[in-house]
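Trainee: I'm new to this structure and would love a close look at a single part of it. Could you take me through the charged surface patch, and then show me what else is worth a look?

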Amino acid sequence: MALTQVSSNKCAGGFQKVFEHDSTELKCKMKFAIYLPPKAETDKCPVLYWLSGLTCTEQNFITKAGSQLAAAEHGIIVVAPDTSPRGCNIEGEDESWDFGTGAGFYVNATQDPWKTNYRMYSYVTEELPKLINANFSTDPDRMSISGHSMGGHGALICALKNPGKYKAYDATVLAASYSGPQLDILIDQGRDDQFLSASQLLPDNLIAVCSEKKIPVVFRLQPGYDHSYFFIYSFINDHIKHHAKYLNA
Amino acid sequence: MDLNDIRGGRLAVISEESEQQDFSRESSTMEAYNVVPEPGGRTFQRFSVNTNESLRFEPCEDSCPSPTGAEDGRDDVFEKGECEGEIASIRNQLQGKVAEMENFAGHLEEIFLTVEENFGRQEQHLEQHYNDVLQTLSQRYDDRETGLQEEKKSKLESLYKQLVACGQALDTSKELIETAQEVYRCQDERLFLKTVMPIIKRVEEFAKEDIDLSLSTSLEFSTPLADLSDVKTMMDSINVVPAPSAPVINPQLPNSATQTSLHVCWSLFSDDTVEYYELYYRPVLEDTPADSTCAPQESKVKVKETHCTVTDLLHNAQYELWVTATNTTGISPASEKALYMTVPSPPAIKQRECSSCPEAALIRWESGNTNPVDSYIVELSETGTVGAESNITESIVAVPTCQCLIQLQAGRQYLISVRAVNIGGPSDRSDAITISTTGTFFYLLEDTAHPCLSMSEDGFTIFYGDEELPITAMAFEDNTFTRCVAILGDLIPVRGRHYWEVEVDDETEFRVGVAYEDTERDGYLGANGSSWCMRHIRTPSRHKYEFLHNGWSPDLRITVHPVRIGVALDYDRGTLRFFNANLEQHLHTFHCRFHNYVHPCFSLDNPGALTVHNGIQAPDYTFI
């Protein structure tokens with residue numbers, strides 16, 4: 001599959017690049033961001049997939065989260081795809097911020113007119129990894145997935161629905177039916193997150209289920225933090241370290 | 001002995017032999033002979049008995065053999081041919097004899113010197129003896145003379161008194177007579193009659209008195225017999241060998257003592273004749289009582305040699321030793337007293353107070369001796385991986401106290417033992433302790449345990465019993481926790497990385513972490529600034545976890561209860577990390593610059609138990 005480099009910036013000793021390609025799953029041009037640490041010049045590196053939240057593109061994470069230093073230190077390639085297909089001209093896709101464009105939810109739509117393009121689950125779990133492994137110096141056996149907000153949910157469902165595919169995982173709600181190799185989930189939640197207080201986020205349910213199913217989770221409630229990239233920035237290092245433990249083992 | 005005779009005899013032999021030699025050879029032997037005085041740089045000197053000078057040897061010119069070959073007229077010596085071999089052997093013999101002569105002469109020289117010394121000494125003794133005798137005699141004379149003088153004085157005094165008394169008596173008589181005459185001449189008849197009768201009575205009485213005309217003292221002087229017996233003894237002893245002078249006892253040689261014996265040496269100050277020595281010894285006690293009747297007993301050993309090994313002594317004890325020399329004349333004065341010390345007993349390593357980590361080990365021991373020793377030696381050897389013993393690879397000497405921090409290499413096994421050292425030497429080796437530098441190893445500090453905590457026999461499991469102990473039954477010491485049912489671990493004071501694991505069960509509420517050694521004993525772990533811990537609280541419905549320091553904890557949920565907690569301490573990075581060791585799951589990290597060494601701490605908040613596991617190599621994920 002042909003990749004076109006859109007941008008490349010030297011960052012933290014490695015390179016922060018953006019590529020564009022024609023997606024077969026999403027039937028449109030898709031961009032994704034990829035950070036190549038210094039180690040990637042000589043060795044095959046593991047890959048961390050980062051799924052961003054509602055309204056984000058591939059840019060938000062790479063410009064605001066400050067993950068490059070930790071990724072360089074641990075020698076991990078970080079791939080941050082876009083959050084939905086773009087430019088498909090589906091009616092109604094731009095009407096609300098939490099549905100349609102920028103709100104792929106990392107699932108495969110089952111209904112028309114969405115089901116042709118909105119196949120973010122397959123994109124993230126199938127097409128993108130194949131593309132990345134074919135074009136970059138990666139270790140295909142070492143993958144992990146992480147995300148924020150909608151992306152956090154997406155990471156969880158990808159992991160839980162693909163036991164054994166991802167070496168380290170982040171938040172999801174589908175833990176109840178999980179059966180597979182052991183997970184090790186790290187979740188950070190800003191205490192002052194407006195979505196938490198609005199009960200749109202329900203971590204207690206997740207914790208209860210995971211406790212019952214004995215899925216190892218460490219859930220941290222961070223006082224004073226909100227939902228923004230400032231929050232992501234503050235704890236991204238801990239998360240990359242968490243992934244590195246398994247990716248570099 | 002007459003050197004000349006001996007010389008003459010020997011020389012005669014040599015001269016005979018030399019006659020048989022080839023003439024050409026003869027000259028060289030002659031030279032060799034004449035040169036005999038030179039090799040040692042000595043010249044032979046004549047021994048003179050008649051003078052008091054020290055021995056001098058003059059070259060004796062008159063005993064050199066003459067080259068007699070020609071004079072005797074034997075022409076055989078001039079025949080070269082057959083005599084080559086003979087000549088060589090004879091020459092060798094001659095050389096041998098010459099060497100013998102040299103030795104003999106040297107020996108004689110020594111003997112002569114010794115004899116002169118002895119002679120000189122004898123002279124000295126004699127002089128001294130006679131001086132003593134003379135002194136004694138003159139003293140006697142003085143005493144005697146003084147005695148006589150005094151006697152004379154007293155006699156004269158008493159005679160003088162007598163004289164005076166006589167004079168007085170005369171005067172009295174004269175007076176009486178005069179009075180009588182006066183009365184007789186008195187004209188007054190009446191007065192005369194009155195006074196005459198008493199006077200006549202007096203005169204009659206006076207006439208009756210006997211006059212003692214004997215001398216008050218005898219004219220003879222008493223001359224007691226002079227007691228010169230001791231002078232006689234002294235005179236007699238002149239001819240006898242003097243008693244020896246005091247020997248010189250040597251100071252203690254290093255490494256000559258054992259725990260219960262001492263090897264003592266001494267020497268004679270002079271070449272006295274000695275039949276045997278007597279060595280006395282007694283222990284030097286720390287507190288010698290003023291009352292000498294309680295002084296320690298002295299023991300005695302009789303030996304003929306100038307050394308002795310005294311056995312059956314106390315270890316690490318000081319002994320006072322002195323020696324006397326005895327011969328037929330008597331016993332010498334005692335030598336100076338020397339202080340010797342037996343070697344100490346070996347120390348005993350305190351197993352439960354030793355700790356280790358990959359780079360070092362801390363060993364503590366008991367001295368093993370009631371009295372102080374000078375220092376200790378720590379010896380270590382590395383055992384092979386197969387467990388075969390190797391020789392001592394390292395010794396650390398001059399360790400002043402009963403503990404030692406030793407640098408080691410990671411991942412090995414060592415045998416470590418200790419010796420105590422004093423002036424007498426080193427003790428035997430203590431029983432060895434095995435130290436393994438895999439992971440960090442420590443025991444728990446029993447004296448910090450809250451009274452309600454009890455410990456398993458191996459020292460790694462703590463229990464908080466069900467029964468309520470009354471306050472009075474709880475023995476609080478200075479160092480024990482008084483509120484939190486806690487105990488500290490004895491982590492080796494070495495910075496770097498340490499890892500240990502704690503095994504818990506589902507129900508027990510506990511706190512595990514680290515604390516400074518001086519953490520408040522009346523506080524709760526994690527509630528103050530001197531301790532950091534992970535706390536487990538059990539509610540009927542779920543588990544709760546806190547990571548406490550200064551009473552504050554982040555808000556966390558953990559879904560799978562860890563039953564084996566890994567604790568990783570990194571002094572350099574300033575981190576204390578907790579893991580679910582079974583899942584390799586990271587739970588929490590404290591960030592803190594530890595300004596002092598910390599100790600692992602453990603507490604049980606409800607009845608239950610926990611077990612500490614250490615000596616584990618830290619898994620890789622714990623220190624990324």
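Mentor: Happy to! B:Asp171, B:Glu175, B:Glu178 and B:Glu182 together form a negative patch on the surface. Patches take residues with over 30% relative accessible area and no salt bridge, joining like charges within 9 Å and nonpolar side chains (Val, Leu, Ile, Met, Phe, Trp, Tyr) within 5 Å. Accessible areas come from the Shrake-Rupley method with a 1.4 Å probe, and for residues only the protein chains shown count as cover. A salt bridge is a side-chain nitrogen of Lys or Arg within 4 Å of a carboxyl oxygen of Asp or Glu. Asp and Glu count as negative, Lys and Arg as positive, while His and the chain ends are not counted. Each charge is placed at NZ of Lys, CZ of Arg, CG of Asp or CD of Glu.

Please keep in mind that this is a predicted model: local features need pLDDT of at least 70, side-chain atom pairs count only at pLDDT 80 or more, and totals for chains, interfaces and linings use all residues. Residues are numbered from 1 along each chain as its sequence is written, chains are lettered from A and ligands numbered from 1 in the order in which they are written, and side-chain values use heavy atoms, leaving out hydrogens and water.

Back to the patch: B:Asp171 sits in helix H4 (residues 84-185) of chain B. Helices (H or I, at least four residues) and strands (E, at least two) are DSSP runs, numbered from the N terminus. With a relative accessible area of 48%, B:Asp171 is partly exposed, a class lying between buried (under 20%) and exposed (over 50%), again with a 1.4 Å probe and protein chains only.

There is also a nonpolar surface patch, formed by B:Leu126, B:Tyr130 and B:Met235, with about 250 Å² of accessible area together. B:Met235 belongs to helix H6 (residues 229-237) of chain B and counts as partly exposed at 35% relative accessibility.

For a contrast, look at strand E27 (residues 585-591) of chain B, which is mostly covered, with five of its seven residues buried. Strand E26 (residues 575-580) of chain B runs antiparallel to E27(B), and six bridges join them; two strands pair if DSSP finds at least two bridges between them. B:Asn580 stands opposite B:Gln585 of E27(B). Four residues lie between E26(B) and E27(B) in this hairpin, and B:Glu584 in the turn has a positive phi of about 55 degrees.
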